[in-house]
Amino acid sequence: MKLNSSNLTSLSTALILGLSVFSAQAEKVVSLEQAITLAQQNDPWLHGSRLKQSAVENRSIASGTLPDPKVSLGIMNLPTDTWDLDQEGMTQLKVGVSQMFPRGDSLEIKKDQLQIESTKFPLLREDRKAKLKSQVSQLWLDAYLAQQTIKLIEDDWSLFEQMAEVAKASYSNVVGKTRQQDVIRAQLEIVQLDDRLTSQKQKLETTIARLNEWLHIYDADRLNESFNFDAQPLEFRVSKKLPAITLNNPTVLKASNYSRNLLAQELSNHPAILAIDIKRKASEKGIELAKQQYEPQWGVNASYAYRDNMPSGDSRADLFSVGVTFDLPLFTENRQDKQVAASIADSETIKTEKLLLTKQMISVLEKELRQLKRLSDRQSIYQEQLLKQTHDQAEASLTAYTNDDGDFAEVVRARIAELNARISALRIDVDALKTVVRINYLFAHSQSNSNAEHKSKHTSHKTNQLLSSQQFGEK
């Protein structure tokens with residue numbers, strides 16, 4: 001399994017085809033590939049991000065529209081002695097309408113600003129998926145480490161029990177050099193082995209519980225079912241085989257002309273960095289919007305006034321009025337100037353955010369690369385020397401003891417050393433893969449498009465239909 005070359009659609013299809021019906025006797029198994037797929041397809045945060053994007057897009061349309069006109073109705077100059085409408089020539093029934101126009105191009109700029117802001121959400125979703133892949137992979141590998149450590153201990157359990165029985169029998173029959181402390185030592189090692197086994201089971205159970213958070217089925221179209229937590233599978237195990245995870249960008253990392261500028265250039269296409277670029281572009285529109293405050297704000301108003309006939313019956317002419325209003329931004333020192341200065345400062349602050357994140361990512365990347373190099377060196381030492389030597393030592397000490405030419409304590413120490421070496425080798429392998437996972441997150445590149453999201457949603461629905469009945473693959 002190559003995680004860096006997986007396609008979401010083919011991955012989901014393989015998951016669906018690979019799932020077999022769960023029975024009471026079968027043990028539920030989740031592979032790393034399945035765990036990543038489920039986590040990415042069932043994350044409520046991603047659905048919330050799409051809703052936020054839709055909200056900003058709708059606000060963009062609304063902000064580019066003129067404000068509603070205002071209508072006024074009134075009676076003017078009504079005499080208070082008689083309250084008659086026809087007594088005075090100045091008495092009017094008046095209806096008016098007014099329309100205000102925003103300053104300069106502020107409507108269009110505000111609309112463009114929100115449209116730019118809406119484009120950051122697909123990038124944030126890509127970053128979230130990359131983080132989920134990294135986090136779920138590390139949890140899965142922790143579960144794998146605990147599960148395989150348990151297997152290694154259990155595989156050696158019978159051997160230590162046999163050694164204890166042999167020591168006890170030899171001591172009882174006064175055969176060889178077996179002493180009472182040898183019997184006690186053998187029993188003590190079994191108790192300590194039992195403690196290690198319990199500790200690893202604790203790690204496995206707690207890791208599975210944490211991993212289960214990301215496997216909870218979520219369907220935005222059936223939200224109520226997502227709150228039925230009892231319907232979700234709780235107990236499962238991970239695959240027995242350690243997956244192959246390769247570096248996403250080995251050419252850059254192995255380049256002879258290593259350059260931090262080259263790393264920064266590669267990291268510039270990371271969704272988190274690109275989202276900051278979008279934020280900066282929106283802030284530049286904010287500067288343009290602040291500068292529009294220097295423009296006057298215009299308004300148009302018109303009214304029609306009806307007048308009743310005179311008491312003599314002669315008619316009075318109705319009145320029509322029209323006018324224009326505008327303000328004069330003359331005192332700009334403490335208002336418009338400061339607003340523009342504040343917008344410029346906000347924009348410059350965002351530039352520092354990008355610099356800080358890039359420096360942080362380069363630092364983390366260099367740390368992980370150095371760690372991966374040392375883990376690789378340790379892998380070579382264990383595979384080429386330590387595992388073989390500890391095994392040979394254990395066999396030699398056992399042979400010497402059975403020939404009545406060795407010490408029982410040395411036999412126990414050798415067997416413990418061999419078990420520790422195998423567990424350490426396993427831990428190094430897992431730590432190396434976890435390091436690769438963290439490096440791959442840093443080299444997550446933006447490939448956002450709406451079609452991919454649509455396919456992801458479609459395959460998610462299919463996968464959830466199967467998983468809702470607790471169907472996992474059997475390994």
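Helices here are DSSP runs of H or I with at least four residues, and strands are runs of E with at least two. Both are numbered from the N terminus. The structure described is a predicted model.

Helix α6 covers residues 180-212, and Gln 187 belongs to it. Gln 187 has a relative accessibility of 42%, so this residue counts as partly exposed, a class that runs between 20% and 50%. Phe 160 lies 27 residues away from Gln 187 along the chain. In space, the C-alpha atoms of Gln 187 and Phe 160 are 8.7 Å apart.

Helix α5 spans residues 120-172 and contains Lys 129. The relative accessible area of Lys 129 is 19%, so this lysine is classed as buried; the cut-off is under 20%. Ala 39 is 90 residues from Lys 129 in sequence. The C-alpha to C-alpha distance between Lys 129 and Ala 39 is 8.5 Å.

Helix α12 takes in residues 408-442, with Ile 428 among them. At a relative accessible area of 2%, Ile 428 is buried. A separation of 283 residues along the chain divides Ile 428 from Leu 145. Their C-alpha atoms are nevertheless separated by 9.9 Å.

Helix α4 runs over residues 106-118, a stretch of 13 residues. A rise of 1.5 Å a residue predicts a span of 18 Å, and the end C-alpha atoms lie 18 Å apart, so the two values agree. The buried residues of α4 are Ser 106, Leu 107, Ile 109, Gln 113, Leu 114 and Ser 118.

Helix α11 comprises 67 residues, from 336 to 402. The same check was applied to this helix, with 1.5 Å allowed for each residue. The expected span is 99 Å. The end C-alpha atoms of α11 are 94 Å apart, which agrees with that value. A kink of about 50° is present in α11, with its centre at Tyr 382. After α11 comes Asp 404, which has a positive phi near 60°.

UniProt, in an unreviewed entry, marks residues 355-385 and 409-436 as "coiled-coil region". Such annotations may be inferred rather than shown by experiment. In the model, residues 355-385 are 100% helix and 0% strand. The C-alpha atoms at the two ends of this span are 45 Å apart. Residues 409-436 are likewise 100% helix and 0% strand. For that second span, the end-to-end C-alpha distance is 40 Å.

The loop between β2 and β3 holds two non-glycine residues with positive phi, Asn 77 and Trp 83. Strand β2 covers residues 70-76, and strand β3 covers residues 92-101. The phi of Asn 77 is near 60°. Its relative accessibility of 39% places Asn 77 in the partly exposed class. The phi of Trp 83 is about 60°. Trp 83 has a relative accessibility of 54% and therefore counts as exposed, a class that starts over 50%.

Internal space was also examined. Rolling a probe the size of a water molecule over the atoms shows where empty space is left. Across the whole structure, the search returned one cavity of 30 Å³ or more. The largest cavity holds about 40 Å³ of space. Its lining consists of Leu 85, Thr 91, Gln 92, Leu 93, Tyr 306, Arg 307 and Asp 308. Three of the lining residues are nonpolar, two are polar and two are charged. Gln 92, one of the lining residues, falls within the residue range of β3 (92-101). Leu 93, also in the lining, falls within that range too.

How values were computed: Residues are numbered from 1 along each chain as its sequence is written. This is a predicted model: local features need pLDDT of at least 70, side-chain atom pairs count only at pLDDT 80 or more; totals for chains, interfaces and linings use all residues. Side-chain values use heavy atoms; hydrogens and water are left out. On a 1 Å grid over the protein atoms alone, a cavity is a set of points where a 1.4 Å probe fits but cannot get out, and a pocket is an open set with protein on both sides within 12 Å along at least five of seven lines; lining residues have an atom within 4 Å of a point. Grid points are joined across faces, edges and corners, and a volume is the space filled by probe spheres set on the points. Ala, Val, Leu, Ile, Met, Phe, Trp, Tyr, Cys and Pro count as nonpolar, Asp, Glu, Lys and Arg as charged, and the others, Gly among them, as polar. Buried means under 20% relative accessible area, exposed over 50%, partly exposed in between (1.4 Å probe, protein chains only). The expected span of a helix is 1.5 Å times one less than its number of residues. The bend at a residue is the angle between axes fitted to the seven residues ending there and the seven starting there.
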